[in-house]
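This report describes how strands, a helix and two domains are arranged in one chain. The sequence and structure are shown first.

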Amino acid sequence: MTVIEPTPLQEQVTLLELVDRVLNKGVVLTGDIMLSVADVDLVYVGLRVLLSSVATLDRLQAEGAA
Amino acid sequence: MIAAPGRTAWYVYGVVDAFASLPPGRLRLVEEGVLAAVVGAVPLSEFGEEALAERLNDRRWLEAHVREHEDVLQRLAAGSTVVPFRFGAIFRELDDVVAMLHDRCAELTAALARVRGRVEMGVKGWADREQVAASLGDAQPEAAGGRAYLERRLSEQQRAQQVIALLGDIAGDAHARLLRHADEGVANRPQPHELTGRDETMVLNGAYLVGDGAELAAEVAALQADYGSRGVSFETTGPWPPHNFVEPREGA
């Protein structure tokens with residue numbers, strides 16, 4: 001197994017980066033499963049709205065505190 | 001469906017070779033032929049169909065569990081070849097997991113062979129649009145007189161189009177050059193400003209399947225040297241479990 005030194009960025013992987021991979025990529029199962037994140041694009045869009053509202057909130061709070 | 005309290009289901013993180021060893025902890029292998037699924041028990045109170053739909057809107061819950069999914073895959077990848085599954089593959093019974101392995105044996109075996117001995121590296125290209133515009137040279141000379149406003153607007157629009165065209169060319173060149181040092185690569189949709197929270201514009205969101213990342217790293221450094229002064233910088237992430245290279249290929 002090739003070992004590549006993790007970059008410093010890896011230590012603080014953002015939720016966005018994880019979602020982009022873990023929720024949006026990988027083998028998708030269908031068939032015998034009881035349930036799964038059925039419509040990943042919708043989840044992604046939902047998260048997008050959620051994250052951007054959080055980002056906006058963070059920014060507003062930062063500006064308010066400044 | 002209605003989940004009885006205390007009931008559990010099986011969460012599948014990914015698939016490994018049947019003889020793979022697991023890191024110590026709560027995970028277990030479900031073996032079928034040459035394949036094994038890496039599973040963990042999860043409470044239906046959180047991972048039942050309706051519960052899960054609600055939890056996905058809870059940013060803290062989602063972050064904790066998406067991180068856990070990735071952590072498990074990273075630990076597995078340290079010792080085994082792993083085909084990562086997407087977040088949220090949940091089975092009622094272990095027999096259902098066995099049936100999945102049986103039904104998808106050919107596809108999953110091919111996916112294991114495809115990523116064996118390789119890792120996924122991410123490369124992002126970021127553009128400082130003002131610096132990119134400045135690198136195009138002087139803007140049109142300021143027009144004087146009554147038409148000045150319209151001509152300035154036209155000039156601005158032309159400049160913006162030139163910047164977009166240049167960024168497309170740079171991203172295309174970068175992806176092509178990185179592909180030469182990878183077994184496979186894919187240029188994913190760049191993440192938008194609202195999500196990245198950065199001033200720069202993401203122009204490349206590439207993923208590359210590599211055995212040894214040294215060549216790719218050298219090419220990233222070369223790209224940085226070539227385009228950094230024009231306002232486009234590059235950064236590498238990873239190694240990642242090969243999320244981008246385990247779905248069946250088009251036409252395969």
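The sections below cover the domains of chain B, their contact, and the strands on either side of it.

## Model and domains

The structure is a predicted model. Chain B is split into domain 1, residues 8-115, and domain 2, residues 119-245. Taken over C-alpha atoms, the centres of domain 1 of chain B and domain 2 of chain B are 35 Å apart.

## Contact between the domains

Seven residues from domain 1 of chain B and five residues from domain 2 of chain B make up the contact. On the side of domain 1 of chain B that touches domain 2 of chain B, three elements of chain B supply at least two residues each: α3 (59-79), β4 (82-84) and α5 (105-115). α3(B) gives the most to this side, with three residues. By residue type, the side of domain 1 of chain B that touches domain 2 of chain B has five nonpolar residues, one polar and one charged.

## Strand pairing in domain 1

Strand β1 of chain B covers residues 8-17 and is mostly covered, with eight of its ten residues buried. Which strand pairs with β1(B) over nine bridges? That strand is β3 of chain B, residues 35-43, and the pairing is antiparallel. Within β3(B), Val39(B) stands opposite Val12(B).

β1(B) also pairs with β4(B), in the antiparallel sense and over three bridges. Here the bridge partner of Val16(B) is Val82(B) in β4(B). β4(B) thus appears in two settings: it pairs with β1(B), and it supplies at least two residues to the side of domain 1 of chain B that touches domain 2 of chain B. A further antiparallel pairing, over two bridges, joins β1(B) to strand β5 of chain B, residues 90-91. In β5(B), Ile90(B) is the bridge partner of Tyr11(B).

## The four-stranded sheet

Four strands of chain B form an open, antiparallel sheet in the order β7-β8-β6-β9. Why do β7 and β9 of chain B each have one side without a neighbour in the sheet? Both stand at the edges and have a single partner strand, so one side of each is left without a neighbour. From one strand to the next the twist averages 20°.

Strand β8 of chain B, residues 201-210, is mostly covered: eight of its ten residues are buried. Its antiparallel pairing with β7 of chain B (residues 184-188) runs over five bridges, and Ala187(B) stands opposite Gly206(B) of β8(B). With strand β6 of chain B (residues 119-127), β8(B) pairs in the antiparallel sense over nine bridges.

## Trp126 and the packed helix

β6(B) pairs with β8(B) over nine bridges and with β9(B), again antiparallel, over seven bridges. Trp126(B) has a partner in each of these strands: Met202(B) stands opposite in β8(B), and Ser233(B) stands opposite in β9(B).

Helix α9 of chain B, residues 214-227, packs on the sheet and touches β6, β8 and β9 of chain B. The direction of helix α9(B) makes about 165° with that of β9(B).

Note on methods
Residues are numbered from 1 along each chain as its sequence is written. Chains are lettered from A and ligands numbered from 1 in the order in which they are written. This is a predicted model: local features need pLDDT of at least 70, side-chain atom pairs count only at pLDDT 80 or more; totals for chains, interfaces and linings use all residues. A residue is buried if 20 or more other C-beta atoms lie within 10 Å of its own, exposed if 12 or fewer, and partly exposed in between; C-beta atoms are placed from the backbone. Two strands pair if DSSP finds at least two bridges between them. Domain bounds come from an automatic or database domain assignment. Two residues are in contact if their C-beta atoms, placed from the backbone, lie within 7 Å. Ala, Val, Leu, Ile, Met, Phe, Trp, Tyr, Cys and Pro count as nonpolar, Asp, Glu, Lys and Arg as charged, and the others, Gly among them, as polar. Axes are lines fitted to C-alpha atoms, for helices over the stretch in contact, and angles run from 0 to 180 degrees between N-to-C directions.
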